[in-house]
Amino acid sequence: MASEEVESVEMEVFAEEEVREMSGLKRGKGYVEVTCGCTSRRYGDSVGRLRVFINGDLEISCECTPGCDEDKLTPPAFEKHSGRENAGRWKNSIWVIVDGEKVPLSKTALLKYYNQASRNSKGVGRPPARAFHRDELVRCNTCNKERRFRLRSKEECRNHHDVSLDPDWSCSDHPYDRISCDDDEERASRKVYRGCAHSPTCTGCTSCVCFGCDFCRFSDCSCQTCIDFTRNART
């Protein structure tokens with residue numbers, strides 16, 4: 001019975017005829033996932049996995065090379081990461097494969113929830129507003145290596161927040177990645193990619209640096225930063 005309920009939720013995201021013949025199609029609860037890509041004249045095709053959520057969010061996990069770990073990229077960030085010339089028209093430059101042919105996102109039904117959310121937000125054509133936090137690096141107290149934390153959900157923000165307050169944190173305590181102090185640290189050239197939607201190598205801007213929101217501040221935390229935020233939010 002439970003499986004039937006989940007299946008009904010999955011089918012509500014897109015009708016069968018809207019995603020039929022799309023390469024790599026996978027249905028999940030509240031989203032569909034398909035193979036996508038972006039072509040650069042210099043670097044060729046960069047392939048990834050596009051997740052389309054019913055709330056309008058779009059996330060791409062890049063698979064351009066076996067060692068690439070860029071995950072949950074926005075479409076503009078994926079477009080820039082692929083080396084696409086004249087970036088800025090991602091709806092046309094990012095494609096999916098339909099019946100063996102590359103088809104721009106703009107010519108598929110995959111953007112219908114994104115477009116609906118854009119129309120409902122302030123100003124026509126703007127993407128759905130949501131808090132965004134770039135990746136952060138935390139240094140291990142034992143080996144002195146920096147480890148990456150992605151902050152795309154409240155849970156991930158809480159884990160990073162707690163870790164940043166722990167002076168004794170070490171690699172083996174990482175909540176998601178199974179790593180140890182023996183594992184290699186990210187290359188310096190890799191660390192500059194922090195997930196900003198406007199520039200892959202952004203060093204910090206108003207779009208990717210958050211100074212406090214409901215995602216990254218917690219009413220049950222006793223640190224002064226959270227106490228001040230909670231107090232100010234109530235006034």
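The lining of the second largest pocket divides by class into two nonpolar, four polar and six charged residues. That is where I will start, and please keep in mind that this is a predicted model. The pocket in question, the second largest, has a volume of about 260 Å³. Its lining includes Asp184, Glu185, Glu186, Arg187 and Arg190, and also His81 and Tyr193.

Now the cavities. There are three cavities of 30 Å³ or more. The largest cavity has a volume of about 60 Å³. Among the residues that line the largest cavity are Glu70, Leu73, Ala77, Arg194 and Pro200. His81 and Tyr193 are in that lining, and they also line the second largest pocket. By class, the largest cavity has five nonpolar, two polar and two charged residues in its lining.

Next, salt bridges. How many salt bridges does the structure hold? The count is 19. I will go through three of them.

One is between Lys102 and Asp45, with the closest N and O atoms 2.6 Å apart. Lys102 is in strand E6 and Asp45 in strand E3, so this pair ties together parts that are 57 residues apart in sequence. Lys102 is partly exposed at 44% relative accessible area, and Asp45 is partly exposed at 38%.

Another joins Arg148 to Asp135, and here the closest N and O atoms are 2.9 Å apart. Arg148 sits in strand E8, while Asp135 is in the loop between helix H5 and strand E7, 13 residues away. Are these two residues buried or exposed? Arg148 has a relative accessibility of 8%, so it counts as buried. Asp135, at 4%, is buried as well. Both residues belong to a network of salt bridges that links Asp135, Arg148, Arg152 and Glu186. Glu186 came up earlier, in the lining of the second largest pocket.

The third is between the side chains of Arg158 and Asp162, at 3.0 Å from N to O. These residues are four apart in helix H6, so about one helical turn separates them. Arg158 is partly exposed at 22%, and Asp162 is partly exposed at 35%.

Last, a single residue, Val52. Val52 is found in strand E3, which covers residues 44-53. Its relative accessible area is 1%, which means Val52 is buried. Which residues does Val52 contact, leaving aside neighbours within four places in sequence? They are Val13, Phe14, Gly30, Tyr31, Val32, Asp57, Leu58 and Leu110. Phe14 is 38 residues from Val52 along the chain, and their C-alpha atoms are separated by 9.8 Å.

Key. Residues are numbered from 1 along each chain as its sequence is written. This is a predicted model: local features need pLDDT of at least 70, side-chain atom pairs count only at pLDDT 80 or more; totals for chains, interfaces and linings use all residues. Side-chain values use heavy atoms; hydrogens and water are left out. On a 1 Å grid over the protein atoms alone, a cavity is a set of points where a 1.4 Å probe fits but cannot get out, and a pocket is an open set with protein on both sides within 12 Å along at least five of seven lines; lining residues have an atom within 4 Å of a point. Grid points are joined across faces, edges and corners, and a volume is the space filled by probe spheres set on the points. Ala, Val, Leu, Ile, Met, Phe, Trp, Tyr, Cys and Pro count as nonpolar, Asp, Glu, Lys and Arg as charged, and the others, Gly among them, as polar. Helices (H or I, at least four residues) and strands (E, at least two) are DSSP runs, numbered from the N terminus. Buried means under 20% relative accessible area, exposed over 50%, partly exposed in between (1.4 Å probe, protein chains only). Contact means heavy atoms within 4.5 Å. A salt bridge is a side-chain nitrogen of Lys or Arg within 4 Å of a carboxyl oxygen of Asp or Glu.
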